[in-house]
Amino acid sequence: MNVEIVERPAIKAAVLRIPRDGNLVREAWAKVTAWLDGHPAVAEREHGYVFIPEWQWATEVTTLWVGMAVHHFDGLPAELEAITIPAKRFAKMTVQGDRTQMEAAYDALFKWFAEGTYARDTREGSFGFEMNRLNPMNPFDIPADEIDSFDFDIFAPILSESKLLVPDRYPGIMNVEVRKGRDRRIVGAETFIDQKTTKAERAIPAFWESVMPRLREIADVKQPLATIGLYRYDPPFGPHQDFRYVAGVEVEAQSKAPLPEGMTEVTVPENDFVVVTYRGKASGLGQVWDYFHGFWFPQQAEYDAVDDFEFERHDERYLGADDERSLFEMHFPVRRRAKDKRLTDKIVVDEKGGHVLQDLRGERVRMASFQNADLHGIDMRSSRLRHVNFVGSELEHIYFAGVHVDEIQMGGTVFEHIRRPEAIQSRLDEEPGTDGWVNVEPVVFRDSDLSTARFEGCNLSDVNINNCRLDGMTIDGIPVTALLEHYLKSGAK
């Protein structure tokens, strides 16, 4: 069941307030339609609305408002109330099916709010609503105790503020929200930031000082004026990564003006963006990245990060690097995570992590294609994989203790950030798992072809090499065969 975030314009409605009861809903609808039959204020007759007082969810919803959307409130029957639902964002879920599916949809919506990024607006006066389609079947014509086929959209109001704010840990973070992005043409000057030799927090302000006087050379700047600092990354993305930085402005999409000498143009693609608004001095900007990568992203399950780029945006609210009142936005691109597919309805609980897993224990999977699949949280202890093609795959956070890998072709494979456990001896708990099974036995390469392999920046202390071909092998550029020859000539035994 998919939840969609939508922006809804304001709704005016003529309604009848009733106690929450399915039969009373139908009686109210009959009265509303009779009173508004042919009335010029009615905006549309394809939907019937049931408005829900969100503030009553804290205890029990006891009251409903049943009615129709109208253009205005002039000349409405005296028996009807006039309510206005302001323009705002809603979580939308479509219900199409029987009563069991309807109840599952509501459960899924409550879970989405409980586990996701957004908080439900349950303040006094806040309304959600069901927008019932009246064709080809009018649900209000079917008695409440008989109906078992539903076709309506649920709209649950979203608080304007994200619930993922932590003022004590990230005091500069003022607001966080997901926005629908658009293509942006950015024109400006570009520099390369080598983080091994350069401190970005010093290099970027200095670069802006050199670029600012030249921004007036850029034609067709989009208004209102805002400067853009674009970070461009090459994979693999990670902490302390080098990057290219573009300091510039957004220009009109249709502009054909030539680029100023020495400047570049980059198009920022349309994406959803997590927009983090920060207030404070530039010296505290690091908490924006810490917040997004270290807190916001791990706390939600709705989006995946797009690691190619991100950008900062400064408008008239930015008062300078040393002004504590300065406000600016950081835009982190994200894409909605693909809906998980269940392979079985059977489940098993991982006793160590408490995670609910699909139960495929003992099953045989043969002749399957997982091209471009995203496998996450997979427990494959004691599994056997035969004739598996992993070309172009990416494995991350994999626990490989005690694995036997045989007859594997791995040309072009890169091993990076491989770690041994920080333990003196192996330890096996009752239920082996990534946080309980520590295996410090040595890694063994046997009867393998590692010719042309490169070891860069690795800890090879206590490595034991026996009965291996060493011709052409070098250590820091020195042939190993020459080292051994020199060692033997020195009379070592």
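**His47.** I began with His47, which lies in strand β3 of what is a predicted model. I asked whether His47 counts as buried or exposed. Its relative accessibility is 17%, and since buried means under 20%, I entered His47 as buried because of that value. I then looked up its polar partner, and found that the side chain of His47 is joined to that of Glu44 by a polar contact of 3.2 Å. Leaving aside residues up to four places away in sequence, I listed Trp29, Met131, Asn132, Arg133 and Leu134 as the residues that His47 touches.

**Helix α2, length and start.** I next turned to helix α2, which covers residues 99-115 and holds 17 residues. At 1.5 Å a residue the helix should span 24 Å, and I found its end C-alpha atoms 24 Å apart, so the expected span and the computed one agree. At the start of α2, I noted that a side-chain oxygen of Asp98 comes to within 3.2 Å of the backbone nitrogen of Thr100.

**Helix α2, its sides.** Which residues of α2 are buried? I wrote down Met102, Ala105, Tyr106, Leu109, Trp112 and Phe113. Seen down the helix axis, the buried residues of α2 fall within an arc of 120°, which means that they line one face of the helix. This fits the general rule that an α-helix has 3.6 residues a turn, so residues three or four places apart point the same way. On the other side of α2 I found Thr100, Asp107, Ala114 and Glu115, which are exposed. I also checked what the buried residues of α2 pack against, and the list is β1 (4-8), β3 (47-53), β6 (88-97), β7 (127-133) and β8 (150-157). Strand β3 in that list is the strand in which I had placed His47.

**Second largest pocket.** I looked up the second largest pocket, which holds about 1200 Å³ of space and is lined by 37 residues. Nearest its centre lie Ile204, Tyr231, Leu285, Trp289 and Glu312. Which element gives the most to this lining? I found that α3 does, with six residues, while α3 (200-211), β11 (227-232), α4 (286-299) and β16 (309-314) each supply at least two.

**Cavities.** Last, I checked for enclosed space and found two cavities of 30 Å³ or more. The largest cavity has a volume of about 70 Å³, and I noted among the residues lining it Arg185, Val187, Ile218, Ala219, Val251, Ser255 and Glu265. Its lining also includes Ala257, Pro258, Leu259 and Pro260.

Conventions:
Residues are numbered from 1 along each chain as its sequence is written. This is a predicted model: local features need pLDDT of at least 70, side-chain atom pairs count only at pLDDT 80 or more; totals for chains, interfaces and linings use all residues. Side-chain values use heavy atoms; hydrogens and water are left out. Helices (H or I, at least four residues) and strands (E, at least two) are DSSP runs, numbered from the N terminus. The expected span of a helix is 1.5 Å times one less than its number of residues. Buried means under 20% relative accessible area, exposed over 50%, partly exposed in between (1.4 Å probe, protein chains only). The arc is that of the directions from the helix axis to the C-beta atoms. Contact means heavy atoms within 4.5 Å. A polar contact is a pair of N or O atoms within 3.5 Å; within protein, one must be able to donate a hydrogen and the other to accept it, and residues adjacent in sequence count only if both atoms are side-chain atoms. On a 1 Å grid over the protein atoms alone, a cavity is a set of points where a 1.4 Å probe fits but cannot get out, and a pocket is an open set with protein on both sides within 12 Å along at least five of seven lines; lining residues have an atom within 4 Å of a point. Grid points are joined across faces, edges and corners, and a volume is the space filled by probe spheres set on the points.
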